[in-house]
Amino acid sequence: MSRASEEADRPGADRPGEAPLPGALPMSLRVELIAFRRDLHMHPELGNQEFRTTAAIKARLEEAGLEPRVLTTGTGLMCDIGDWDGVRPLLAIRADIDALPIPDTKTGVPYRSTVPDRAHACGHDVHTAAVLGAGLVLADLHTRGLLPHPVRLIFQPAEEVLPGGATDAIEAGVLEGVGRIIAVHCDPKVDAGRIGLRPGAITSACDRLEVSLDGPGGHTARPHLTTDLVTAAARVVTDVPALIARRIDARAGLAVTWGRIESGHACNVIPQRAELSGTVRCLDLQAWREAPDLVHAAIDEIANLHGAKSQINYIRGVPPVVNDPAVTDLLAAAMTARRGSYAIEDTEQSLGGEDFSWYLEQVPGAMARLGVRAPGDTARRDLHRGDFDVDEHAIEAGVELFTAAALLDGHRS
């Protein structure tokens, strides 16, 4: 089936009786948003360096008569649509705008990254285009007196930089007056035009762990006269995850996984230092709060057993994204209003981290999985890979989800 035929046959905002809400997406805006996304894709910028991206978003919002404000961090911005009375809490719609430090390896597309070793391989360009599009539609509704409640757009920098640019955005005041917040994240396992929803935890907490072990060193012929540091490091690698698994409820899903171990330079020399680094992931919010003490104690215990001195740098990343059930219901109602309940599917909890969780430490909210897979596409296009790409129909679905949520939330206020 051709793409034109798919568009004609799919349920959506343009079909009578299936979208009782105003705010249909005009074809001209669909085309513009795809072009906007492709421009961002060709010019990816890393966290806290998104100056061109910020300027492009700001210019388009100002063209629509809005007054965006660049965040005090220098990149990212916020923009209110409608007249906030300072009393009723706002609905915030958030996008992340940064790219990843990896090369774009796609072939055969005109919008491949033009910046070496930089790529929008996590779909933040899609998130940005969807929130921008929603803002333009909602601004038009406001001018026609059809927006029942003001909305705030948040274009956040540095999501990929631990502990996430959300913390800086919050300090800059993006949540002032906000009562609820919503967002999406691209999901290459879900078809474009559909979303995945899950109340409760939808992502994992993710922290970074750096460990160094020290000893006097020595000759491999006489390990009994020194600290066998390589064996000590090996025992930390294997025993710490096992020890933690017996000190916390298994349902918390607390897992230490090592990504790097380095020690020594010669086969007959016991080294004086070993370094390890990895991640700590956790599915449960309370267990995440307890994780640093548990991990510290386990590493020290194993290191001491082998006579090694340990230094631990536990770097807080992000807590899990825990979707508020009521806000999740709002997203479900919004997608149903636009495309029907067929466009919603249950989604599993991901072990990936996402700094949207910091907003949910302050206000209730929810994140949906935005389908970006072309129907019938059997190729694997996972996130954080250089060949990642999307079916751009996902942008329209994201705009429809956000606009309907803003309208329904306003009616429920």
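**Two cores, two helix pairs and a few unusual residues**

Let me begin with a single residue, Leu-61, which, once its neighbours within four places in sequence are set aside, is in contact with Leu-66, Pro-68, Leu-77, Cys-79, Leu-132, Leu-153 and Phe-155. I should say at once that what we have on the screen is a predicted model. Leu-61 belongs to the largest nonpolar core, which has 65 residues, and Leu-61 is listed together with Leu-153 and Phe-155 as the residues with the most contacts inside that core. There is also a second core, separate from that one, made of 51 residues and including Ala-232, Ile-244, Val-318 and Met-367. As general background, nonpolar side chains in soluble globular proteins tend to be buried together.

Let me turn now to the helices, and to two pairs in particular. Helix 2, which covers residues 27-42, packs against helix 4, residues 124-143, at an angle of about 145°, and the axes of the two are 9 Å apart. The crossing that helix 2 makes with helix 4 is right-handed. On the helix 2 side the residues that meet helix 4 are Leu-29, Leu-33, Phe-36, Arg-37, Leu-40 and His-41, while helix 4 brings Asp-125, Val-126, Thr-128, Ala-129, Leu-132, Gly-133, Leu-136 and Val-137. Sorted by class, this contact of helix 2 with helix 4 holds 9 nonpolar, 3 polar and 2 charged residues. You may recognise Leu-132 from a moment ago, since Leu-132 is also one of the residues in contact with Leu-61.

The other pair is helix 6, residues 229-245, and helix 7, residues 285-305, whose axes come within 9 Å and cross at roughly 135°. That angle is why helix 6 counts as oblique to helix 7. Here too we have a crossing that is right-handed. Which residues meet across this pair? From helix 6 they are Arg-235, Val-236, Asp-239, Val-240, Leu-243 and Ile-244, and from helix 7 they are Leu-294, Val-295, Ala-298, Ile-299, Glu-301 and Ile-302. The residues of this contact divide into 9 nonpolar and 3 charged, with no polar ones. Ile-244, which appears here in helix 6, is also one of the residues included in the second core.

Next, a word on a strand residue. Ala-255 lies in strand 10, residues 255-263, and because its relative accessibility is 32%, Ala-255 counts as partly exposed. Not counting residues up to four places away in sequence, Ala-255 touches Thr-279, Val-280 and Arg-281. Val-321 stands 66 residues from Ala-255 along the chain, and the C-alpha atoms of these two residues are separated by 17 Å.

Finally, I would like to point to some details of the backbone. In the loop between strand 4, residues 151-156, and helix 5, residues 166-171, we find Pro-163, and the peptide bond that leads from Leu-162 to Pro-163 is cis, with omega near 0°. Ala-158 lies in the loop between strand 4 and helix 5 as well, and Ala-158 has a positive phi of about 60° although it is not a glycine. Is Ala-158 buried or exposed? Ala-158 is buried, because its relative accessible area is 2%. His-384, also not a glycine, has a positive phi of about 65° and sits in the loop between strand 16, residues 365-373, and helix 10, residues 393-412. With a relative accessible area of 42%, however, His-384 is partly exposed.

How values were computed:
Residues numbered from 1 in each chain as written. Predicted model: local features only at pLDDT ≥ 70, side-chain atom pairs only at ≥ 80, totals over all residues. Heavy atoms only, no water. Core = buried A, V, L, I, M, F, W, Y, C linked by side-chain atoms within 4.5 Å. Buried < 20%, exposed > 50% of the residue type's maximum accessible area, 1.4 Å probe, protein only. Contact = heavy atoms within 4.5 Å. Axes fitted to C-alpha atoms, helices over the stretch in contact; angles between N-to-C directions. Helix = DSSP H or I, 4+ residues; strand = E, 2+ residues; numbered from the N terminus. Parallel < 35°, antiparallel > 145°, perpendicular 65-115°, else oblique. Left-handed = near helix turned anticlockwise from the far one by under 90°. Nonpolar A, V, L, I, M, F, W, Y, C, P; charged D, E, K, R; others polar.
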